[in-house]
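Please look at the sequence and the 3D structure shown below, and keep both at hand while reading. The report that follows goes through strands, buried parts, empty spaces and a few backbone details in turn.

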Amino acid sequence: MKLKKNIIKSALIGLLGACTFSSCSDFLEIEPLELIVLDKFWNEEADVENVVAGCYSAMQSQNVIDRMMAWGEFRSDNVVGGTNVENQKDLYNIFKENINASNSFTSWVDFYNIINRCNTVLHFAPSVAEKDPNYTESELRATKAEVSALRDLMYFYLIRTFRDVPYTTVAYLDDNQTMDLPATKFEDVLDSLILDLESVQNDAVKKYPVTKEYYQRGRITQDAIHAMLAEMYLWKQDYASAVRYADMVIDAKTVDYQNELDKMGSRVSVTDRMIDGYPIITDGSATGSTYGNAFEAIFGRGNSRESIFELIFMNNNNMPSNGAVSSRYGNDRTFPGSVKVADFIGTDVPDEVYDVFLSKYDTRYWENVQALSKTLYGINKYAYQSVLIDMTKAELKSDAVSYASAYAQDYCHANWIIYRLTDVMLMKAEALVEMASNNDSTDIGKQQNDTLYKQAFAIINAISKRSNCSTGSKELDYSKFNTKSQMQELVLAERQRELMFEGKRWYDLVRRSRRDGNTNFLVGVVSRKGSSGGTAISSKLSRMDAIYWPYNNDEIKVNKNLVQNPAFSSGENDSYERTGK
């Protein structure tokens, strides 16, 4: 079995992690080890730490981030095929919604390898604690919480992409173990992930020492686990729990930043202030004449105060680079990359359509989208390190926007963000809206709904304000969004604007479809891509089954307990079988 051999190999080579955690960035300095005999390896705490480092190293691989991008973004309305995409058959077919079981993007091997790395740590770490007196019980619990969360994150990606997947918490260490597991139902896996995270959350590290600069956002913390739980509860449609965990993250971030402000005292500048009580980074400069400050902090320098968990790529050409971003979004030699901005998004502001962005004063348009001509738009986020929007120009047009150079082709050091604060804030906003009653027409019911809507609206308004470079009012008009359907669309639209190209959009649309029980909304928005792939959307995405991906042919062949997604026929050929509802 292809998956089995890769997983066993992954366990036997020390999971490709080797470092001593002696400096602030050492857990990122991963070098491969030679083949290790397991019973001669798991003897001291450093051995455990080496393997944990290997889990993060594996997540940084191009194959993993490539799938985080493809699974979470490429089928959405945000992007279409870019430079030379016709020469990349599997990628090209994604944009044509012509996905089949032989498409390489359906391979999940790298995610299961990481899952087994984590299971292997959980298997051996307790015995290491018995051998090494320096490896304390609290440190063991912290390790277990950390790798449990990494494993749960990988499973979360898998179920959102494939729906039902094989699920196990047992480490595979030899060829005699049974690997042909049937797929476990989405709901059962989700419940298991939530239960697991609930059980370990208090054991996770809350704060790493300030001397370890990249640990707090480059490794799993309590904040990261709470962000995962907030999102998982959204998918479970337990909205009260989603709000509760989102608040834990928001409150922790607010307290942390308030402590920083207290230390600044009278030196707090305009750009340091919180926005409506939220510790999000203002996009404007201290003078108010330029914008792009938040973009550079979050996506350029990275490791910002808004970050909760991101895969960190050191600004060092001798260290691993983010090949997925360089290939897909572009670099100094090829821009756009193999994917580009959907035409209707690219022309949204220049043509003053404002179907996506609220006005030309939304800096996220200029920061995310780079106009190369009147018909060609590239993805600026992650590919470029900074954007400067000059408000001294007479008109806010493309000539008022300048971009720093793109990363070099083989040396993209952009961090890949998995969770950040505004993402969690918008999770809370979505949950608040869904808590409102659909049918309660009583005065009390209307008042309760209005309270929920206003709380959600306040979150969206704060996020929108930080990216509004207008010299006039920056407030949204609540009177335009005071019904449940209007608020639902506002939340989803704000998530699109705020998290564009971050691997979130398709999952947001799938979650909406699961809640609606149909694909009508998803089909409507994705069809906006038009001739770049939208014409096939209605027929191919009319079934709920089709919004997930097929199991790869290799897995179907070796695991007789896997039953192919019915929207993709048997998976034995390149045809797409559409069955009626």
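Strand 4 (residues 290-291) pairs with strand 9 in the antiparallel sense over two bridges, where two strands count as paired if DSSP finds at least two bridges between them. Helices (H or I, at least four residues) and strands (E, at least two) are DSSP runs, numbered from the N terminus. The model is a predicted one, in which local features need pLDDT of at least 70, side-chain atom pairs count only at pLDDT 80 or more, and totals for chains, interfaces and linings use all residues. Residues are numbered from 1 along each chain as its sequence is written, and side-chain values use heavy atoms, with hydrogens and water left out.

Within the pairing of strands 4 and 9, Thr290 has Asp390 of strand 9 as its bridge partner. Strand 9 is also joined by three bridges to strand 10 (residues 401-403), and these two strands run antiparallel; here Ile389 has Val401 of strand 10 as its bridge partner. The outcome is an open sheet of three strands in the order 4-9-10, with antiparallel pairing. Strand 4 and strand 10 stand at the edges with a single partner strand each, so one side of each is left without a neighbour in the sheet.

In a regular strand the side chains alternate between the two faces of the sheet. Along strand 9 (residues 387-390), Val387 and Ile389 point to one face and are buried, while Leu388 and Asp390 point to the other and are not. Buried here means under 20% relative accessible area, exposed means over 50%, and partly exposed lies in between (1.4 Å probe, protein chains only).

Elsewhere, strand 5 and strand 11 pair in the antiparallel sense over four bridges, and Ser307 has Arg420 of strand 11 as its bridge partner. Five of the five residues of strand 11 (residues 416-420) are buried, so this strand is largely enclosed by the rest of the structure. Ile418, leaving aside its neighbours within four places in sequence, is in contact with residues including Met59, Met68, Leu153, Tyr157, Phe309 and Leu311, contact being defined as heavy atoms within 4.5 Å.

The largest nonpolar core has 174 residues, and those with the most contacts inside it are Met59, Phe74, Leu158, Phe309, Tyr329, Trp416 and Ile418. Helix 6 (residues 137-162) gives the most to this core, with 13 residues. A nonpolar core is a set of buried Ala, Val, Leu, Ile, Met, Phe, Trp, Tyr and Cys residues joined through side-chain atoms within 4.5 Å. Helix 3 (residues 62-74) is mostly covered, with eleven of its 13 residues buried; among them are Ile65, Arg67, Met68, Trp71, Glu73 and Phe74.

Which spaces does the model leave empty? On a 1 Å grid over the protein atoms alone, a cavity is a set of points where a 1.4 Å probe fits but cannot get out, whereas a pocket is an open set with protein on both sides within 12 Å along at least five of seven lines, and lining residues have an atom within 4 Å of a point. Grid points are joined across faces, edges and corners, and a volume is the space filled by probe spheres set on the points. By this rule there are six cavities of 30 Å³ or more.

| Space | Volume | Lining residues | Top contributor to lining |
|---|---|---|---|
| Largest pocket | About 520 Å³ | 22 residues | Helix 10, six residues |
| Second largest cavity | About 110 Å³ | 14 residues | Helix 11, four residues |

Lys207, Gln216, Arg217, Asp256 and Glu260 lie nearest the centre of the largest pocket, whose lining divides into seven nonpolar, five polar and ten charged residues. For these classes, Ala, Val, Leu, Ile, Met, Phe, Trp, Tyr, Cys and Pro count as nonpolar, Asp, Glu, Lys and Arg as charged, and the others, Gly among them, as polar. Helix 8 (215-218), helix 10 (239-264) and strand 5 (307-311) each supply at least two residues of this lining.

Some backbone details remain. The peptide bond from Phe335 to Pro336 is cis, with omega near 0 degrees, and Pro336 lies in the loop between helix 12 (323-328) and strand 6 (339-341). Tyr382, a residue other than glycine, has a positive phi near 80 degrees; Tyr382 lies in the loop between strand 8 (377-379) and strand 9, and at 0% relative accessibility Tyr382 counts as buried.
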